[in-house]
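The following exercises concern aromatic contacts and a helix. Each task is followed by a solution in steps.

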Amino acid sequence: MSKKAKIIIISICLIVIGIILFPKNFEFHKQSERAGIIEIPDSIYDFAQQYVQSTDAAGISRDCAKATCKLLKFSFNQDILFKNKVSKAHCVTYARLCAALCNRYYKEHGIDAEAIPVVGYITINGINTSNVLTSIVPEKYEHNFINHDVVEIRSKGKRVWYIDPSEREFTGIARTYR
């Protein structure tokens, strides 16, 4: 394994350890909304149903993040979504799928909430993780770390929070950001 590959792996491991040990020091900073709604076949919803047991907006968003991780396998290379049950994807598709699942289940449960895939960056103690990662990864991978996609949840009363389904893939934690 090359020296740069080892540095990337160590950096990502340190961020994951930081996520687990210092959960309150993380903040998500929204830059924009991700354009485009994805259509999901009923078979995907049927599969996700076994993981979506909650009946409130926050619980449904956590359950949908879990279902998203069961449906996707993280990869820096994007695969055709739903080509087969498990597709390769990165944070963009994780956020888009999770948002689509959330919206379907909010509607089914009559919940006045909306899930929107958004683009931004995460800070740890005020340090932008995108800047750190793009400075240490090889140039050909920098585009993977410039920003990060998560799901913005807007519920009644204009309460807004964010959930990161791709982070759940690595840590097992469905983190919410306010």
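A residue counts as buried when its relative accessible area is under 20%. The model examined here is predicted.

**Exercise 1.** Determine whether Tyr45 and Tyr105 are buried or exposed.

Solution. Tyr45 has a relative accessible area of 10%, which is under the cut-off of 20%, so Tyr45 is buried. For Tyr105 the value is 2%, and therefore Tyr105 is buried as well.

**Exercise 2.** Classify the aromatic pair formed by Tyr45 and Tyr105, and state which helices it ties together.

Solution. The structure holds two aromatic pairs. In the pair of Tyr45 and Tyr105, the ring centres are 6.2 Å apart and the planes meet at 80 degrees. Planes over 60 degrees apart count as edge-to-face, and the pair is accordingly edge-to-face. Tyr45 belongs to helix α2 (residues 42-49) and Tyr105 to helix α4 (residues 91-108), so the pair links parts that are 60 residues apart in sequence.

**Exercise 3.** Classify the pair of Phe47 and Tyr51.

Solution. The ring centres lie 5.7 Å apart, and the planes are at 55 degrees. Because this angle is neither under 30 nor over 60 degrees, the pair is tilted. Both Phe47 and Tyr51 are buried.

**Exercise 4.** Compare the expected span of helix α3 (residues 57-71) with the distance between its end C-alpha atoms, and assess its burial.

Solution. At 1.5 Å a residue, the 15 residues of α3 should span 21 Å. The end C-alpha atoms are 21 Å apart, which agrees. Of the 15 residues, 12 are buried, so α3 is largely enclosed by the rest of the structure. Among the buried residues are Ile60, Cys64 and Leu71.

Note on methods: Residues are numbered from 1 along each chain as its sequence is written. This is a predicted model: local features need pLDDT of at least 70, side-chain atom pairs count only at pLDDT 80 or more; totals for chains, interfaces and linings use all residues. Side-chain values use heavy atoms; hydrogens and water are left out. Rings of Phe, Tyr and Trp (its six-membered ring) pair if their centres lie within 6.5 Å; planes under 30 degrees apart count as stacked, over 60 as edge-to-face and the rest as tilted. Helices (H or I, at least four residues) and strands (E, at least two) are DSSP runs, numbered from the N terminus. Buried means under 20% relative accessible area, exposed over 50%, partly exposed in between (1.4 Å probe, protein chains only). The expected span of a helix is 1.5 Å times one less than its number of residues.
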